[in-house]
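Open the model in a viewer and keep a selection prompt at hand. The stops below go from one selection to the next.

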Amino acid sequence: MPEPVAIHARRAPILAPSASSAVRVLPAADRFVLQMKAPRGAVLPSAAGGFDLSGPLNSVRGRPERFAARLGPGEWLLVCPEGEGTATEPAIASDLAGRFFSLVAVGHRNAAFLLSGPHAADILNAGIALDLSDTAFPPGSATRTLLGKTEVVLVRVGEAFRLECWRSFAPYVHAFLQDAAREFA
Amino acid sequence: MLLVPCPYCGPRPEVEFRCGGEAHIARPADPDALDDAAWAEYLFARTSPKGVHAERWLHAHGCGRWFNALRNTVSDAFITTYEMGEPRPDITGGR
Amino acid sequence: MAQDFRIPGRGRVDRTKPIAFTFNGRTVEGYEGDTLASALLASGIRLMGRSFKYHRPRGVLTHGADEPNALFQVDRGPGRADPNNRATVVEAVAGLKVSSQNHWPSLEHDIGQVNDLVAPVLTAGFYYKTFMWPRSFWDKLYEPAIRAAAGLGVAPDAPDADRYVHRNTHCDVLVVGAGPAGLAAALAASEAGKRVILADEQAEMGGSLLADLTATIDGKTASAFVAYALKTLAGRANATLLNRTTAFGYYNHNHVVLTERVTDHLAAPDAKLPRERLWQVRAKEVVLATGAHERPLGFADNDRPGIMLAESVRTYVNRYGVAPGRRIVFATNGASAYRAAADAKAAGLDVTLVDLRPEAEIGPERALLSGNELLAGHTVVGSTGGKAVTGLIVAPLSAGRVGARRTLACDCVGMSGGWTPAVHLFSQSRGKLTFRTEIDAFVPGSSVQAERSAGACKGTYDLAGILAEGWTAGAEAAGVPSTRAFAAAPATPTGFRAARVLPTDADPKKVRAFLDFQNDVTAKDIGLAVREGFESVEHVKRYTTNGMATDQGKTSNMAALGLVSEILAKDIPQVGTTTFRPPYTPVTFGAIVGTARGETFDPIRTAPVHEWAAKQGAKFENVALWRRAWYFPKPGEDMHAAVARECRAVRESVGLLDASTLGKIEVMGPDAAEFMNRMYPNGWTKLEPGKCRYGLMLKEDGFILDDGIVARMAPDRFHVTTSTSGAPRVMAHMEDYLQTEWPDLDVFLTSITEQWGVIAVQGPRAREVIAPFVSGIDLSPEAFPQMAVREGEILGVPTRLMRVSFTGELGFEINVPADFTQAVWEALFAYGQRFGITPYGTEAMHVLRAERGFIIVGQETDGTVTPDDVGLSGMISKAKKDFVGKRSLARPDMARADRKQLVGLLSADGRTVLEEGAQIVADTQQALPMKMLGHVTSSYLSPTLNHPIALAVISGGRARMGETLFVTTPAGFTAVKVVAPVFLDPEGKRVEGLVEGGVHA
Ligand SMILES: [Zn+2]
């Protein structure tokens, strides 16, 4: 058997991070899908590996770079900066000890965009059928929905909108958003 | 486009959903106990009433949950939606 | 061209901003604020088109969206030309090139007008009656003739150069129409702080008030009231005003779709702006304030250029400052035309008004005209003129008898047959109409959705009433009921007597009184249709085509309906009304398509090694939404040569395939094995962690849904793979059972398709290629046998390494987090050069698996294929009491000996590559139709075996081994021999990598 080759694979995201004004491609992150049964009225932990799971369905708790978005009654998308996931996994396991749950790493599955500025909601509404006004979808909201022909997760941690989609859909989502943003440039 | 009242998420646009046909048709606990005709009935026979119909809906591009709905197939009005496993609500009260 | 018919000092057009466009090549001048129609009329141009069937000269009939005659081809430059634009709504913009339609060689001299001479044969149902027999004439004669005659404008031949966008929005109250009712409604609704959208199809909001020079509202002129209302609304942040925006579709649950024309009115629009914006509005409440359309009168030759609606005369005079004629005769059966006549008179035009009603029936409107200007109790029996009207022929009526004819010389006729409320959107909302006899019109009855109508669309024609109704509707819609009285003066006279076709002394068979101007349907045609037995208004409509043109009968439906009711002697409600369907007015395809064109037509999913493959010159194929590398041609190679080379590399050394598109699902939970047992026919309990198994998934009907390798990562964790296109289907299938049938199971599903990139390394050298990069996994055959899975690292990143083979060779599938796939691939490719490593695409993959006889779901199966049909009955656990599909497999039909079964086929001549999908028969001499035994499912020239191979499903196929059958080819039948569906290595020894070098099967 030959000697192991001492090189480390480098990440090649489908879209390079960019900082264009209205539609930003965000850098890589670590992510998990956490699932556990959460019947109505169940008390959910506010600290699990540094994530607050206690928010209601379709809400997000946390900071822009580290948050837990509750997308289903028993489903959370956990996002944290790249590299922090390694420690997160055992921490969640320990904090949720005694509960039955499923934790699956999906850091490479998604790509993410950030939309900010006065027309962020208008741009998103080119393809999203939900009411994204401050009253209907205020900061702290999160949901899975459709943008054009693609499923996305829309998270509002703070004023800006963070949009996540599966890796291979990212070029479509990016092109779609840029087209919608054109008239506001 | 319908506005479908997901029992978990509230009213959401139809594009997020998939309709799964008639509700309250449980898979037989022991399929072998059914003769061919009864099995075929379970597999294929569905009612298609004009009026209130109990349907399965999936909030596929939302919370991901299946639920049941009473929908008027004439007016498209959703009378109510309820979680899987709950019995069909009694709506004889005039709705 | 001089604007000889422009009235000094009148109109809302901006006289400081002159513009010029061309009409049929002639330059026409106008002002900003003009429509094409008003500018043409200002220059004295009355002839604007030829009618559809008879090619009769036509001018403008209306001043708005209901226009049936003046349809233009509008050319805004390359890729920006489209037909059938109504001259009455297209704004006059500098530089436009517009032309009239449906004539040859020119509008003035049109060959097609011979149709007018043979009109007696072109009656209702002409096409149905004429183009029937003989059958042999259909394709060669009738269809080309009908096609040549069909259509009005010319379809554009260049791709649309414009951009269109969509916008979803929500509001509390959507008000459609910004006339007096809509303005009042929007004021009331927005005062309450609710989110209000006010949409109006015209360039300027105000509706009928824009043409009203006499009314005052709360002491303000109509014009000042509009300005006040719009200023108030613009000052409210919760109100959105959308002009040039047509609400064209009212769908379920208050989903109303609007199209906004953003740039058509701009001579040089900002390039970043879309041409149109399609608004998808979800409104809590809707107020419909869509107004009413005036009806023409039915009399002989009522279609000559210059004959238009009375309110249109008024609008051209008052709003555009244009005289549609100098000597105008008005003809009416109601009060509203008197205001039009009075306004024309006030503009200095010569007017006469002919009223069907006797003097005694005429109300306060009488005071608007002097004695010698009115002919009461008169009917209209015809018109004179050619390309323009020169006179209106009238006659007194007494006791139902038509008296002596006289011709009133004129160059314009303003006719009014009453009003039809625009109930289109209400009707689309599924609201029920009711008929009001006194106004001879359908009005909104009971609502089905959260909407309410106000103003003329509800049959309220009096200005004070309209305003009050609008306010009430707006306030109620906003949930804060209130009323407000508006002081509108003078009172609006609304007297009216319904009339169908006007009484005449002429032979009814010779009278052509047009009802549907665009489709050239006359009162006579309606009569004929009813006589021929068409009594349902829906049938009459289709038989005569009344109301079926692009204007959808806005000016003609009520006339036809009234006539049918009169002939049948039934009340109108008994005859019914036709169904109103979206769109209210034509919508561009661009607006509907929006962003869904070009690169955003559909998502194009690309795998992690896509860019590398593209740089290598790979050809790609579409698989579901994915674009996968199909083959990698080298310079000079065709597809066949490339695929052959790729296949040989895998058989003889090693190849690399990007298999990342395979669906992957993580099934996790203490009940995971139990769940797998229920979902799959095979057993999972005994599969140890670290092992893989082929899984065949069935639907409840027993037919194959999908297949794939399943790896057990841990007692409570399975890594399930699916076919590329089956991934969403399988996930949905599993989730459905989990949530709805077995919610008690503790199992969760997570899609990990895109988390893991997959590199298939296949071929005798596969182990040697990966070995230097893998750590933490013993790759020796003893420690890592076929169908095993191990977790470790490759190039320092985590991997789920599977020893599996879809090629029949020794092989591995390396799963790595997706963003690392390219780096791993490049490292393997570089290192593998010493073995001649070869990237291969999906075509080689298909060939390789076919040589080994592996099925592809969707190719060998079609939704009616059982495991036994494809020779996989061994997959079915005998021990399990139940699994999805089990009971269905026990049906007698599923075990019939003549079911189509998977077999291999070898061409008897050793050369012919069969066509996939080709039919198979046993006897080529049998009578037609032949008995089909089955069809070819896969067919390739095998590079390994150097002869064609094919898979097929054939009735009772397994009992036919060795038989000769016949397969259709484009050149006739070819003979094939039925063989087992495995062409290479039936014992499966090659996966051990024991066969070195060349292959001889
Ligand atoms: Zn939901």
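**Helix 1 of chain B**

Select B:Ala37, B:Glu41 and B:Phe44, the exposed residues on one side of helix 1 of chain B. This is a predicted model, which applies to every stop that follows.

Now select residues 36–44 of chain B, the whole of helix 1, and colour its buried residues: B:Trp39, B:Tyr42 and B:Leu43. Why do they fall on the same side of helix 1 of chain B? They cover an arc of only 95° around the axis, which puts them there. In general, an α-helix has 3.6 residues a turn, so residues three or four places apart point the same way.

To see what the buried residues of helix 1 of chain B pack against, add helix 23 of chain C, residues 886–889.

**The zinc ion**

Centre on the zinc ion and show B:Cys6, B:Cys9, B:His59 and B:Cys63 as sticks. These residues supply its protein donors, through SG of the three cysteines and ND1 of the histidine, at 2.0 to 2.4 Å. Along the chain, the donors follow the spacing C-x2-C-x49-H-x3-C.

What is the geometry of the site? The site is tetrahedral, with angles of 103 to 116° among the four donor atoms. For four tetrahedral donors the ideal angle is 109.5 degrees.

Switch on a surface for two of these donor residues. B:His59 is buried, at a relative accessible area of 0%, and B:Cys63 is buried too, at 2%.

**B:Arg18**

Next, select B:Arg18, which belongs to strand 3 of chain B, residues 18–22. Its relative accessible area is 38%, so B:Arg18 counts as partly exposed. Beyond its neighbours within four places in sequence, B:Arg18 is in contact with B:Arg56, B:Trp57, B:Leu58 and B:Trp66, and with C:Ala732 from chain C. For a distance check, pick the C-alpha atoms of B:Arg18 and B:Ser75: they are 57 residues apart along the chain and separated by 19 Å.

**Chain C and chain A**

Show chain C with chain A. The contact involves 58 residues of chain C and 50 residues of chain A. About 4,600 Å² is buried between the two chains, with carbon and sulfur atoms giving 56% of that area. On the chain C side, highlight C:Phe748, C:Glu754 and C:Asp819; they lose the most area to chain A, together 16% of what that side buries.

**Domains of chain C**

Finally, colour chain C by its domain assignment: domain 1 (1–154), domain 2 (162–294 + 420–496 + 588–601), domain 3 (296–417), domain 4 (508–568) and domain 5 (896–1001). Taken over C-alpha atoms, the centres of domain 3 and domain 5 of chain C are separated by 83 Å.

Conventions:
Residues numbered from 1 in each chain as written. Chains lettered and ligands numbered in written order. Predicted model: local features only at pLDDT ≥ 70, side-chain atom pairs only at ≥ 80, totals over all residues. Heavy atoms only, no water. Domains from an automatic or database assignment. Donors = N, O, S within 2.8 Å, 3.2 Å for Na, K, Ca; no water. Tetrahedral: all angles 85-135°; square planar, octahedral: opposite > 155°, others 65-115°. Buried < 20%, exposed > 50% of the residue type's maximum accessible area, 1.4 Å probe, protein only. Helix = DSSP H or I, 4+ residues; strand = E, 2+ residues; numbered from the N terminus. Arc of directions from axis to C-beta. Contact = heavy atoms within 4.5 Å. Buried area = accessible area lost by both parts, 1.4 Å probe.
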